[in-house]
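Visitor: I am new to this structure and would like a close look at a single part of it. Could you take me through one metal site slowly, and then set it beside its surroundings?

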Amino acid sequence: MKTQAAVLYEAGRPFEIEELEVVAPEGNEVLVRYDYSGLCHSDLHMVKGHLPFRAPMVFGHEAAGEILEVGNKVSRLKPGDHFVASFFPVCGVCRWCVTGNSRLCDMGANGLEGFLPGGKFPFRGAKGEEIGAMMSIGTFSQYATIHENSVIKIDDDLPLDKAALVGCGVPTGWGSAVNEANVRPGDTVVVYGIGGLGINAIQGAVYAGAKNLIAVDPVEFKRDSAKKFGATHTAATAEEAQKIVSEVTNGTGAESAIITINELTSKSVSDATEAIWKGGTVVVVSMGEYGANTVELSGVHLALWSKRIHGALYGGCNPMHDIPKLLGLYKSGHLKLDELITSTYSLEQVNQGYEDLEAGKNLRGIIVHQH
Ligand SMILES: NC(=O)c1ccc[n+]([C@@H]2O[C@H](COP(=O)([O-])OP(=O)(O)OC[C@H]3O[C@@H](n4cnc5c(N)ncnc54)[C@H](O)[C@@H]3O)[C@@H](O)[C@H]2O)c1
Ligand SMILES: [Zn+2]
Ligand SMILES: [Zn+2]
């Protein structure tokens, strides 16, 4: 089957829209149609060379759509099922899956090399060359062959554009507050960076009962959006946020600080560590340059005040459980998804979408695939 897809040939170049061949599904694989794909900042870290990847690769890792065909070993899914793609597959039997940490599943090890669990590259170029899929899903494509363990079946009545965002930005942000910062009723929480992830960290912290919720972002539109999602205070800089934290906590500090800025820096980790109180937690969510040392702190300071710096992947979520759970919260009115989609783009406009992301115009931009 043919597909139009956004391919990256090397870091530093724009995405190129090309017609590719989708390799037919076998065994535990499924052929899917992607209807919507969100524009997450992580793709940009590869475009910028911050994170290594094997080129050429079809990018995108946040999407929803429909199953078209299933391989002969697939029993859990059938053509016509609606699904959200998980950017980590869940095998269900590895050490991580069976201990409630399925986002760390061993099957996800090759996501940046772009082949499917089992070793197959899912796309072919015009000359027959093997082309990978980011996180083994490659959602900037109309169609793809992916492993069934990357597929989260969802209810048919859910709108697929909203559901797409629950592939990455929503669980990662929401879970960073609820699972990883473990926000408790009455807490003071600081969220640095109000993009597709940070706005959902705000939603998670509100739902978990934060009393003081300080949203930090240099962009006014982001600060205004945070207020609409329930932030009690906003600040343009970490220094401004520190003043607010001191005022609202009588100088003791916040219980937790969550870093969801576009690119992790040493300063952002130090600022967040200053903002928390004794026994508090800093949750590091942001990506950045893979090899750079971005945690530069006094270890004695950490020991004396018993502070925790905690790295967090996928918001501590178990995708098979948490993605349907979050969609259930959307249905019951406890989670906002409609308000997250700021702009829509065609696949051909993917580079424009990322320019808008960098310019601070979007909470989340989303590609609407044409078929
Ligand atoms: N850990 C994970 O599982 C995971 C998953 C997905 C994305 N990420 C990473 O999370 C980060 C955020 O992703 P996103 O899609 O929300 O990005 P985004 O571009 O939508 O949002 C980033 C926000 O940070 C703001 N910002 C920039 N500098 C700032 C500063 N000094 N202080 C406060 N705010 C600042 C920007 O204005 C923007 O609003 C990226 O690094 C991304 O790669 C991590
Ligand atoms: Zn993402
Ligand atoms: Zn596993």
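Guide: In this predicted model, the zinc ion (ligand 3) is held by four sulfur donors, namely the SG atoms of C91, C94, C97 and C105, which lie at 2.3 to 2.4 Å. The angles among its 4 donor atoms run from 103 to 115°, and the site of the zinc ion (ligand 3) is tetrahedral. For orientation, the ideal angle at a metal with four tetrahedral donors is 109.5 degrees. Along the chain, the donor residues of this zinc ion (ligand 3) follow the spacing C-x2-C-x2-C-x7-C. Two of these cysteines can be described by their accessibility: C91 has 23% relative accessibility and therefore counts as partly exposed, whereas C97, at 12% relative accessibility, counts as buried.

The other zinc site to set beside it is that of the zinc ion (ligand 2), whose protein donors are C40 (SG), H61 (NE2) and C168 (SG), lying 2.0 to 2.3 Å from the ion. The spacing of these donors along the chain is C-x20-H-x106-C. Because C40 sits in the loop between β3 (29-38) and α1 (41-47), while H61 sits in the loop between β4 (57-58) and β5 (63-70), this pair ties together parts that are 21 residues apart in sequence. C40 and H61 are both buried.

Key: Residues are numbered from 1 along each chain as its sequence is written. Chains are lettered from A and ligands numbered from 1 in the order in which they are written. This is a predicted model: local features need pLDDT of at least 70, side-chain atom pairs count only at pLDDT 80 or more; totals for chains, interfaces and linings use all residues. Side-chain values use heavy atoms; hydrogens and water are left out. Donors are N, O and S atoms within 2.8 Å of the metal (3.2 Å for Na, K and Ca); water is not among the atoms, so sites may look incomplete. Helices (H or I, at least four residues) and strands (E, at least two) are DSSP runs, numbered from the N terminus. Buried means under 20% relative accessible area, exposed over 50%, partly exposed in between (1.4 Å probe, protein chains only). Four donors count as tetrahedral if all angles lie between 85 and 135 degrees; four count as square planar and six as octahedral if opposite donors are over 155 degrees apart and all others between 65 and 115; anything else is irregular.
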